[in-house]
Amino acid sequence: MSRKYLIAGNWKMNPAPLVLRRDMPHSPYHPRPDVDVVVFPTFLDLQSCIDAKILCGPQFGHTEEHGAHTGDISLKMCKNLGCLYTLCGHSERRADHGETSEDVAAQAIAALELQMHPVVCVGETEEERDAGKEKEVVQAQIAVLPLESDITIAYEPVWAIGTGKTASPEQAQEMHAYIRSLLPEDRQEQTRILYGGSMKPNNAQELLSQSDIDGGLIGGASLQSDQFGEIVEIASKLSE
Ligand code: PGA
């Protein structure tokens, strides 16, 4: 496979893992040559990640540079801090903050304009999968994105997030191949599609071995540096 694995940690609304607070020069979160590693901490921990030379980005950023948006922080401010990535459209943002697919696409476009790399989340709920609508839902979320640009897509079935229920490797591969088929032909080979939803050291090997799974967006297990490190090592071995 020509695509390099990307292993990303989504720390959500949690304090940074202890190793970072201990100021370690090397950790499983630090960049390495064979696998791309990125973390998405809270806004409060972005600066420490940057100081520690860890690639990172916000979990959300406002599309406007500045202005009357109480409580928000802009993508531009994050870029100025040194962030090279941003997460867009995580299902928790879509659910808790009413972000629509159009809002998510606008964030991805704003990020690209700032030369930040958007990792855009898509995925169906359990109800939608039970109704056999998972592809329809994901197709609509994908259709509005700037697919001709350099973006990463993270397929995160909502029913698998934080639940311990993982999509089976076959279910994930089927959706990833479908998502790839929706990309413009000249972007299909290089666009990375990550899987997210209860990825752990014990299932990462099977998931990451699928031909259209190019990495993981890891929540719970990314807060434990040893577990995150194990997943990065699995991706490294698979890249050999
Ligand atoms: P999880 O979260 O690994 O805890 O399921 C993944 C995510 O929400 O990005």
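Okay, let's start with one residue: Gln173 counts as buried, because its relative accessibility is 15%, and buried here means under 20% relative accessible area, with over 50% being exposed and partly exposed in between, using a 1.4 Å probe and protein chains only. Before I go on, this is a predicted model, so local features need pLDDT of at least 70 and side-chain atom pairs count only at pLDDT 80 or more, while totals for chains, interfaces and linings use all residues. Residues are numbered from 1 along each chain as its sequence is written, and side-chain values use heavy atoms, with hydrogens and water left out.

Back to Gln173. It sits in helix 8, residues 169–182; helices (H or I, at least four residues) and strands (E, at least two) are DSSP runs, numbered from the N terminus. The side chain of Gln173 makes a polar contact of 3.4 Å with the side chain of Ser211. By polar contact I mean a pair of N or O atoms within 3.5 Å; within protein, one must be able to donate a hydrogen and the other to accept it, and residues adjacent in sequence count only if both atoms are side-chain atoms.

Now the ligand. Which residues come nearest? Of the 13 around the ligand, they are Lys12, His90, Glu156, Gly162 and Ser198, where "around" takes a heavy atom within 4 Å. For His90, a polar side-chain atom lies 2.7 Å from a ligand oxygen. Asn10 also has a polar side-chain atom by a ligand oxygen, at 3.4 Å. With Gly219 the backbone does the job: an N or O atom there lies 2.9 Å from an oxygen of the ligand. And the cover? On its own the ligand has 280 Å² of accessible area, and the protein covers 97% of that, going by Shrake-Rupley with a 1.4 Å probe, where for residues only the protein chains shown count as cover.

On to the rings. Searching the whole structure turns up three aromatic pairs, meaning Phe, Tyr or Trp rings (six-membered ring for Trp) with centres within 6.5 Å; planes under 30 degrees apart are stacked, over 60 edge-to-face, and the rest tilted. One of them is Trp11 with Tyr29, edge-to-face at 5.3 Å centre to centre and 85 degrees between the planes. Those two are 18 residues apart, with Trp11 in the loop between strand 1 and helix 1, and Tyr29 in the loop between helix 1 and strand 2. Then Tyr29 and Phe228 are stacked, at 5.0 Å and 25 degrees. Phe228 belongs to helix 10, so this pair ties together parts 199 residues apart in sequence. Both Tyr29 and Phe228 are buried, and ring pairs link Trp11, Tyr29 and Phe228 into a cluster.

There are charges over rings as well: Arg93 over the face of Phe60, 4.2 Å from the ring centre, and the charged end of Lys135 over Tyr178, at 5.5 Å. The test is NZ of Lys or CZ of Arg within 6 Å of the ring centre and within 35 degrees of the ring normal.

Last, the strands. In strand 3, Tyr85 and Leu87 are buried on one side, Thr86 and Cys88 on the other. Strand 3 pairs with strand 4 in the parallel sense over four bridges, and a pairing takes at least two DSSP bridges. Opposite Cys88 is Val120. Strands 5 and 6 are parallel too, over three bridges, with Tyr155 facing Tyr195. In strand 6, Ile193 and Tyr195 point one way, Leu194 and Gly196 the other, and all are buried.
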